Amino acid sequence: MKLLTLNFLTCAIKTCKTSPASFPLHPRDAELEIIESEINLPFLRNILPRLMWEEIRVIASELGLPSLPTTPPTREDLVEGASQAQATEQAEGEAVAEVEEVPSQTAKDLHRILLETGIKEGKLVCGNCAHEYKVMEGVANFLLPGHLV
Amino acid sequence: MPEYLVRLVQVHESFRKAELLALAELGGVDIDFIHYKEDSPFAVVKLPSDLAAKKVVSRSILSQGVYELWGQGSTYKELHESIKAHSSSRWSRYEMAPFRFVLDGYRGAKSQTEQLEIINSFSYLGFKGPIRMRDAEQTFHVFEDYDDKAKTPKSLYFGRFVALSGRDAKTIYDLKKRHYISTTSMDAELALLTANMALAAPGKLFYDPFMGAGGFPLACAHYGAIVCGSDIDGRSIRGTGGSARKGQTGKMDVQGNFKQYKLEGQYLGALVSDVTNSPFRTVQTQGGPCHEGYLDGIVCDPPYGIREGLKVLGSRDQLNATELATHLERFQEEGYIPPKRAYSFTAILDDVMAFAATTLVVGGRLSMWMPTANDEDIELAVPTHGSLEMVSICVQPFNKWSRRLLTYRKVACEQAVAAGSGAARDPYAKGVKADELNDFRRKYFQGFKELERQRGEDGIRAAAGDGQGEDD
């Protein structure tokens, strides 16, 4: 499971979900894997405002990945020289709209962390109830045992 | 706006118009239906331009292509007159282009000599370009629509080819060629159609809560979406525990499917989870009753309880103290299997609706399949939710039952209807056995007796055998 999914997941226990400590889940003993893929600017642009940035930073630092900036990047930060491109676009009308966008280093870093890095084996731990969810073969198991349903 | 002819396919009729409307919405294109009939593969629509026509049809699964309509009529005389009256201004544009003519008959055909004669009757168009059967720059189609077993066509259309549809994806994703499938994998054509209805597209995030072998996420990824999924049965995701395909050995899993179609980069991964105890986060908008979502689309085919049991976490009976203690003691052991219980189908549909209302972004779509008996009396009510607006209901009929593809759109908070879910609140939620919980399942295994009886009373001989009615 790619790290981006962790930005959408909390503890599955209903009473836990309402507690802010249940999000994000904390990876423990995680074995990471990297599956390289082509950078997807439209997706990064779309998902950026939906990200819980502070939580991504927490996970990245817990996994020992390169630290992310404290303030979330904006959509403009994802492409190289975005402000310039906009200026020329205004000057020459629609003609330059088709110019290929060059992903910035910020976009590449985000892509690396969110969409190429995944947890292969390990555990995800709830910060509220300490329940552990196992990750096996890249698939996390969120089924709750009998006494917790 | 100019008129275009969409050559549809004559299958899944009730899905065709809904699919074109969905694709038009996705492409931001205005489409007006001038002529559309369920029993005809020819639809006449108004579209702003060739480019717009291509945008809409090039992804369509239930059409073959789109053509700029130059004329129509019920006889060749009428057709020629119509072409002369409506399109003469366009002729000169294609005067020198290499071209070809194609005759396409629906439920009828002409011999080669007759075809040639028909094509030659268009000589007044004055095309001087070379005729090329391959690599022609312009292709002109004559369409003939026959009544069943009729000798002469009832209507004729003439058009210039604009774009092919995306129907070839159906062959690429054919289950027979797919690396890993399960017993209840959705047919590729319908899975792709579902992805179209839910507006899967580049840049979007899609989720399937009942993924099984991952057919729906795969279809959404084909259209460029980033996808993830979950299932209560982890074996179907990891692929261990055998394959439904005879003689298949080795590691066959959902990941492998994405590898096969080179879509691995779009697969976020999968979870083993239960819809009633989902780990997906639900962020409350500050001070409001509505939720800020993060999913662009949800596509799913929930288990009907026929071929795939409908189970959720929990136990059939309340656990007593000793049992609770045993679970507490054992749950961390290798091989511990959490208890599951049968669940009501109507309730799970409501759960999916509530989940979608929480996690979808405004404008995001939910496309979900549900079965129903072909009998008015026991028709399952279509689930509703205050935050989800119905977009379309498409029906795939079988012999004694049918299934429907329901598509909803999440509406902005201000437009949400306060009533919330509840219209389909489940009267069987208190039952414990699968049959008590699932009305459809009970009817199915009774062989839809009520329907049979009704048919008998109507003097119609009940159809023998089950036919294709088992497709789950």
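Is Leu199(B) buried or exposed? At 5% relative accessibility, Leu199(B) counts as buried, and it turns up again in the last view. These legends describe a predicted model, in which local features need pLDDT of at least 70 and side-chain atom pairs count only at pLDDT 80 or more, while totals for chains, interfaces and linings use all residues. Residues are numbered from 1 along each chain as its sequence is written, chains are lettered from A and ligands numbered from 1 in the order in which they are written, and side-chain values use heavy atoms, with hydrogens and water left out.

**View 1. Chain A on its own.** Here we have five helices and four strands (DSSP runs, H or I of at least four residues for helices and E of at least two for strands, numbered from the N terminus). Going along the sequence, the order in chain A is α-β-α-α-α-α-β-β-β. Of the 149 residues in chain A, 48% are buried (under 20% relative accessible area; exposed is over 50% and partly exposed is in between, with a 1.4 Å probe and protein chains only). Take the contacts in chain A (heavy atoms within 4.5 Å) between residues at least 6 apart in sequence: 70% of them join residues at least 24 apart.

**View 2. Where chain A meets chain B.** Chain A brings 39 residues to the contact and chain B brings 42 residues. Together the two chains bury about 3400 Å², with 62% of that on carbon and sulfur atoms (buried area is the accessible area, 1.4 Å probe, that two parts lose on being put together, summed over both). Within chain A's part, Phe8(A), Leu143(A) and His147(A) supply 19% of the area buried against chain B, more than any other three residues.

**View 3. Polar links and the chain A side of the interface.** The rule finds one salt bridge across the interface (a side-chain nitrogen of Lys or Arg within 4 Å of a carboxyl oxygen of Asp or Glu). Its partners are the side chains of Arg50(A) and Asp296(B), at 2.9 Å from N to O. There are also 19 residue pairs in polar contact across the interface, both residues at pLDDT 80 or more (a pair of N or O atoms within 3.5 Å; within protein, one must be able to donate a hydrogen and the other to accept it, and residues adjacent in sequence count only if both atoms are side-chain atoms). On the chain A side, helix 1 (14–17), helix 2 (41–47), strand 3 (132–136) and strand 4 (139–141) each supply at least two residues. Helix 2 of chain A gives the largest share, four residues. By type, the chain A side splits into 21 nonpolar, 11 polar and seven charged residues (Ala, Val, Leu, Ile, Met, Phe, Trp, Tyr, Cys and Pro count as nonpolar, Asp, Glu, Lys and Arg as charged, and the others, Gly among them, as polar).

**View 4. A strand pairing between the chains.** Strand 4 of chain A pairs with strand 10 (residues 267–272) of chain B, in the parallel sense and over two bridges (two strands pair if DSSP finds at least two bridges between them). Ala140(A) sits opposite Leu271(B) in strand 10 of chain B.

**View 5. Strand 18 of chain B and its partners.** Strand 18 (residues 401–410) of chain B is mostly covered, with nine of its 10 residues buried. Strand 16 (residues 360–373) of chain B runs antiparallel to strand 18, joined by nine bridges; Ala373(B) has Trp401(B) as its bridge partner. Strand 17 (residues 388–397) of chain B also pairs with strand 18 in the antiparallel sense, over nine bridges, and Val395(B) has Arg404(B) as its bridge partner. Strands 17 and 18 of chain B form a hairpin with three residues between them.

**View 6. Around Asp253(B).** Asp253(B) belongs to the loop between helix 8 (234–238) and helix 9 (254–260) of chain B. At 14% relative accessibility, Asp253(B) counts as buried. Its side chain reaches the backbone nitrogen of Gly256(B) at 2.9 Å. Beyond neighbours within four places in sequence, Asp253(B) is in contact with His179(B), Tyr180(B), Ile237(B), Arg238(B) and Gly239(B).

**View 7. Backbone details in three loops.** Phe23(A) and Pro24(A) are joined by a cis peptide bond, with omega about -5 degrees, and Pro24(A) lies in the loop between helix 1 and strand 1 (26–34) of chain A. Glu137(A), in the loop between strand 3 and strand 4 of chain A, has a positive phi near 50 degrees and is partly exposed, at 36% relative accessible area. In chain B, all 10 of the 10 residues of helix 6 (residues 188–197) are buried. Just after helix 6, Leu199(B) takes a positive phi of about 65 degrees, in the loop that leads to strand 8 (205–208) of chain B.
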